[in-house]
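Colleague: Could you walk me through one part of this model in some detail? I'd like to hear how the strands, the core and the cysteines fit together.

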Amino acid sequence: QVQLEESGGGSVQPGGSLRLSCPASGAFFRVLDMGWYRQTPGNDRELVAKITEGGSSEYADFVKGRFTISRDNRKNTIYLQMDNLRPEDTAVYYCFAVTTRWFWGQGTQVTVSS
């Protein structure tokens, strides 16, 4: 089992920044991919960014150049640096981790509004 707990969400004005964190804890041998999805009411979750155990990353087009995902394998933690935030980035952001199956965090709210 893997437990994930997101932190760092909150409210920010357009153009502002937030940094999300997600440590993985529990009994597991290794964590393969980790990353972030987001979801707004009435919509499916959509991939924001993901990163492999080796550090290769992938981003959704709508965050390229604004968001940066990083990973500390010693701490089994990933981060999402979100810059130049837009109102359309408002969503609940969910962390995921893949071992032999997928695990999800509870989500953290990000609100971008003036």
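Modeller: Here is a close look at one hairpin and its surroundings. Keep in mind that this is a predicted model.

Let's start with the hairpin itself. Strands β7 and β8 run antiparallel to each other and pair over six bridges. Across that pairing, Arg71 sits opposite Ile78 in β8. Four residues lie between the two strands, and Asn76 has a positive phi there, near 50°.

Asp72 belongs to β7, which covers residues 67-72. Is Asp72 buried or exposed? Asp72 counts as buried because its relative accessible area is 15%, and the cut-off for that label is under 20%. Leaving out residues up to four places away in sequence, Asp72 touches Thr77 and Tyr79.

Now go to the loop that comes before β7. Arg66 is found there, between β6 (57-59) and β7. With a relative accessible area of 6%, Arg66 is buried too. What does the side chain of Arg66 reach? It gets to the backbone oxygen of Asn84, at 3.0 Å. Beyond its neighbours within four places in sequence, Arg66 is in contact with Gln81, Met82, Asp83, Asn84, Leu85, Arg86 and Asp89.

Met82 brings us to the core, as it is among the residues with the most contacts inside the largest nonpolar core, which has 28 residues. The others in that group are Leu4, Trp36, Val48, Phe67, Leu80 and Tyr93. Both hairpin strands contribute: β7 and β8 (77-82) each supply at least two residues of this core, and so do β1 (2-4), β3 (18-26), β4 (34-39), β5 (46-51), β9 (91-98) and β11 (108-112).

Leu4 is a handy way from the core to the cysteines. Not counting residues up to four places away in sequence, Leu4 touches Cys22 and Cys95, and its other contacts include Pro23, Met34, Phe96, Phe103 and Trp104.

Those two cysteines are joined by a disulfide, with the sulfurs 2.1 Å apart. The pair ties together distant parts of the chain, since Cys22 is in β3 and Cys95 in β9, 73 residues apart. For the geometry, the angle about the S-S bond is -85°, making the link of Cys22 and Cys95 left-handed. Both Cys22 and Cys95 are buried. How many disulfides are there in total? The count comes to one.

Technical notes
Residues are numbered from 1 along each chain as its sequence is written. This is a predicted model: local features need pLDDT of at least 70, side-chain atom pairs count only at pLDDT 80 or more; totals for chains, interfaces and linings use all residues. Side-chain values use heavy atoms; hydrogens and water are left out. Buried means under 20% relative accessible area, exposed over 50%, partly exposed in between (1.4 Å probe, protein chains only). Contact means heavy atoms within 4.5 Å. A nonpolar core is a set of buried Ala, Val, Leu, Ile, Met, Phe, Trp, Tyr and Cys residues joined through side-chain atoms within 4.5 Å. A disulfide is a pair of cysteine sulfur atoms within 2.5 Å. Two strands pair if DSSP finds at least two bridges between them. A polar contact is a pair of N or O atoms within 3.5 Å; within protein, one must be able to donate a hydrogen and the other to accept it, and residues adjacent in sequence count only if both atoms are side-chain atoms.
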